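Me: Please take a close look at one buried-or-exposed question in this model and follow the contacts outward from there. I would like one connected account rather than a list.

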Amino acid sequence: MIALVAPVLAAAGQHASTSSGTISVPPIRWLAILPPIIMIGGAVLLLGVASLVRRPLRVAVSTVATVVISGGALGVALWQWADVQDHGPHTYIAQAVVMDGFSVFVIILVSIAMLLSALVADGYLRREGVQGAEFHVLAMVSASGAMLMAIANDLIIVFLGLEILSIALYVLTAFNYRRAASGEAALKYFILGGFSSAIFVYGIALTYGATGSTNLTQIADFLSKNVVLSNGLLLAGLALMLVGFAFKVAAVPFHMWTPDVYQGAPTPVTGFMSAVAKAGAFAAMLRVLFSSFGVVTTDWRPVVYGLAVLSLVLGAFVALRQRDVKRMLAYSSINHAGFILLGVVAGTARGASASLYYLFAYMFMTIGSFAVVTVLGGAGDGDHDISRYRGLAGRQPVLALAFAVLLLAQAGAPFTTGLWAKVQVVFAAVVAGYVPLGVIAMVTAVIAAYFYLRVAVLMYAGGGLGEAEGGSGGSASSPLASAAGPATGAGGELALDAALERAAPQEVSAAVTTLNEQILLEDEPEEEEPEAAPSPERVPVPVLSGVAIWTCIAVTVLFGVWPQPLIDFANHATLLFLPH
């Protein structure tokens with residue numbers, strides 16, 4: 001019976017294949033997509049192990065597993081880099097994926113960010129009493145989305161990576177279910193992110209309608225070989241995609257979610273989000289604009305120019321009025337996004353290189369800064385007022401020094417990667433002919449330096465510096481200090497002058513410290529004397545958090561003193577940017 005049926009089935013199968021055609025599967029080079037596979041596969045494996053044990057997986061096990069998985073992805077990325085150097089860039093899987101220096105650079109960045117974030121989150125999860133592997137699983141899934149955006153050579157793959165990145169971040173933002181602010185931030189992020197994703201995919205649809213393809217290489221080929229008489233559909237699609245990208249990089253005016261989400265999310269998530277989400281979104285933006293829409297540069301460049309100016313100005317000025325350190329760093333990230341957009345505006349290989357350098361340097365600065373903020377946030381992760389940092393150098397001088405270095409690096413201080421990052425993007429814009437934009441960027445950098453120095457000075461000039469246990473330090477009560485407090489108006493100034501003539505040098509120093517604290521904290525006079533707030537106590541620094549903080553500082557200072565290796569790294573990534 002089987003012998004009779006077999007020939008019939010074979011003939012039927014052959015007829016079906018000839019009539020309907022065969023499904024051709026494109027060749028796959030697994031090395032090109034191995035890092036995101038390692039990241040998302042490791043996340044699935046860790047989740048499977050956690051679901052098979054009786055009790056929640058210990059934080060230490062999840063942290064070690066995440067570090068190993070991130071290290072594996074980093075090792076494969078270095079292998080990819082050597083392969084690209086030897087054999088050049090190529091596209092794979094029907095030109096949907098590209099492996100070039102640019103994509104490998106971003107994968108290395110994301111792998112390091114994931115590894116450092118796992119170290120920072122370890123201490124946070126232990127302090128908050130959170131067990132299980134969910135945090136690490138979600139973070140690795142989000143990181144795999146950023147990697148997909150980096151290797152994507154098709155708008156569909158870009159959108160897929162964007163959604164994988166974003167959905168995991170929505171859940172991570174609400175991870176601290178004990179805080180109402182965390183859930184509120186996640187809801188805002190989810191709603192606005194949903195709108196931005198819908199706008200982005202609508203832009204992909206319009207682009208497909210105008211060019212007949214979603215593949216970046218084919219779009220570039222179509223635009224270079226055809227003269228579009230009416231490009232309204234194409235420009236509408238490009239504009240909508242720019243809206244989606246601007247939302248993810250927190251560029252003004254699509255930044256509204258940033259301060260609330262940064263403030264409400266668990267602090268390790270905030271640091272991870274600020275580094276990885278920006279890296280993935282900027283990687284996709286640079287590839288889409290440079291690879292596919294380079295022919296219509298004159299159409300998208302004015303829009304990006306406006307985004308850059310608005311982000312630079314608003315990020316710098318609004319951060320001046322923030323008392324919550326996480327909100328201040330949120331507006332700081334908006335200002336940083338404006339600087340990175342300078343490289344995009346340049347539209348040159350040097351601009352792309354400068355943007356890559358800035359992303360790499362910013363990753364270490366922001367994760368290190370939020371690691372310090374995580375440690376100082378205390379149980380519940382809710383104590384982030386700037387007054388919390390008053391006199392930190394007296395209580396914990398090493399931690400204060402670490403935070404001061406990271407803040408000064410973000411301000412662009414010499415001997416840090418922050419200075420070279422700003423110089424690179426500004427020079428790229430100036431060389432491309434956009435001198436006014438470079439001037440605006442440097443002016444906002446000077447303005448932004450104030451709110452970085454505000455925190456740094458407060459840590460060293462505020463009460464608690466060199467004070468005895470339980471003492472009041474610089475805020476000690478004295479006749480001169482009490483005269484300095486209400487010294488407003490002509491009468492107050494005369495009283496202060498008279499007090500200065502009678503005061504001892506120690507009292508003068510205490511009065512200056514009091515005035516500095518009032519200026520830095522922007523204290524307003526109150527009718528009634530408030531009750532004395534308890535002075536902040538020393539906080540323990542988890543070992544792994546300390547490792548992450550000092551790793552960030554070491555990279556920031558080392559490549560600030562010796563910048564050429566990192567500059568060459570970014571230059572080589574850009575030179576191999578376009579597939580051959």
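Which residues is Gln 322 in contact with, leaving aside its neighbours within four places in sequence?

Reply: In this predicted model, Gln 322 is in contact with Arg 327, Met 328, Tyr 331 and Arg 454, once neighbours within four places in sequence are left aside. Gln 322 sits in the loop between α12 (297-319) and α13 (325-346). Although it is a loop residue, Gln 322 counts as buried because its relative accessible area is 13%, and the cut-off for buried is under 20%.

Two polar contacts involve the side chain of Gln 322. One of its polar atoms lies 3.1 Å from the backbone oxygen of Val 318. The other contact is between side chains: Gln 322 and Arg 327 are joined at 3.3 Å. Arg 327 therefore appears both in the list of residues that Gln 322 touches and as its partner in a polar contact.

Arg 327 also leads to Pro 259. The two residues are 68 positions apart in sequence, yet their C-alpha atoms are 5.1 Å apart in space. Pro 259 belongs to helix α10 (residues 257-264). With neighbours within four places set aside, Pro 259 is in contact with Arg 327, Ala 330 and Tyr 331. Arg 327 and Tyr 331 are thus found among the contacts of Gln 322 and also among those of Pro 259. Pro 259 has a relative accessible area of 3%, so it is buried.

Trp 30 offers a contrast in exposure. This residue is in helix α2 (residues 30-52). Its relative accessibility is 53%, so Trp 30 counts as exposed, the cut-off being over 50%. The C-alpha atoms of Trp 30 and Ile 93 are separated by 9.7 Å, with their positions 63 residues apart along the chain.

Helix packing elsewhere in the chain can be described in similar detail. Two packed helices are described by the angle between their axes and the distance between the axes. For α14 (residues 349-376) and α17 (residues 417-431), the axes come within 9 Å and cross at roughly 160°. That angle is why α14 is described as roughly antiparallel to α17. The crossing of α14 with α17 is left-handed. On the α14 side, the residues that meet α17 include Arg 350, Tyr 357, Tyr 358 and Met 365; their counterparts in α17 include Trp 420, Lys 422, Phe 427 and Val 431. By class, this contact has 11 nonpolar, 5 polar and 2 charged residues.

A second pair is α6 (residues 155-173) and α9 (residues 232-249), whose axes are 13 Å apart and meet at an angle of about 30°. Here the angle makes α6 roughly parallel to α9. The crossing of α6 and α9 is left-handed. Leu 155, Val 158, Leu 162, Leu 165 and Ser 166 of α6 make the contact with Met 241, Phe 245 and Lys 248 of α9. The residues of this contact divide into 6 nonpolar, 1 polar and 1 charged.

As for the setting of these parts, the protein chain has 23 helices and 2 strands. Of its 580 residues, 55% are buried, and Gln 322 and Pro 259 are both buried. Among the chain's contacts with a separation of 6 or more, 82% are between residues 24 or more positions apart.

Methods. Residues are numbered from 1 along each chain as its sequence is written. This is a predicted model: local features need pLDDT of at least 70, side-chain atom pairs count only at pLDDT 80 or more; totals for chains, interfaces and linings use all residues. Side-chain values use heavy atoms; hydrogens and water are left out. Axes are lines fitted to C-alpha atoms, for helices over the stretch in contact, and angles run from 0 to 180 degrees between N-to-C directions. Helices (H or I, at least four residues) and strands (E, at least two) are DSSP runs, numbered from the N terminus. Angles under 35 degrees count as roughly parallel, over 145 as roughly antiparallel, 65 to 115 as roughly perpendicular and the rest as oblique. A crossing is left-handed if the near helix is turned anticlockwise from the far one by less than a right angle, and right-handed if clockwise. Contact means heavy atoms within 4.5 Å. Ala, Val, Leu, Ile, Met, Phe, Trp, Tyr, Cys and Pro count as nonpolar, Asp, Glu, Lys and Arg as charged, and the others, Gly among them, as polar. Buried means under 20% relative accessible area, exposed over 50%, partly exposed in between (1.4 Å probe, protein chains only). A polar contact is a pair of N or O atoms within 3.5 Å; within protein, one must be able to donate a hydrogen and the other to accept it, and residues adjacent in sequence count only if both atoms are side-chain atoms.
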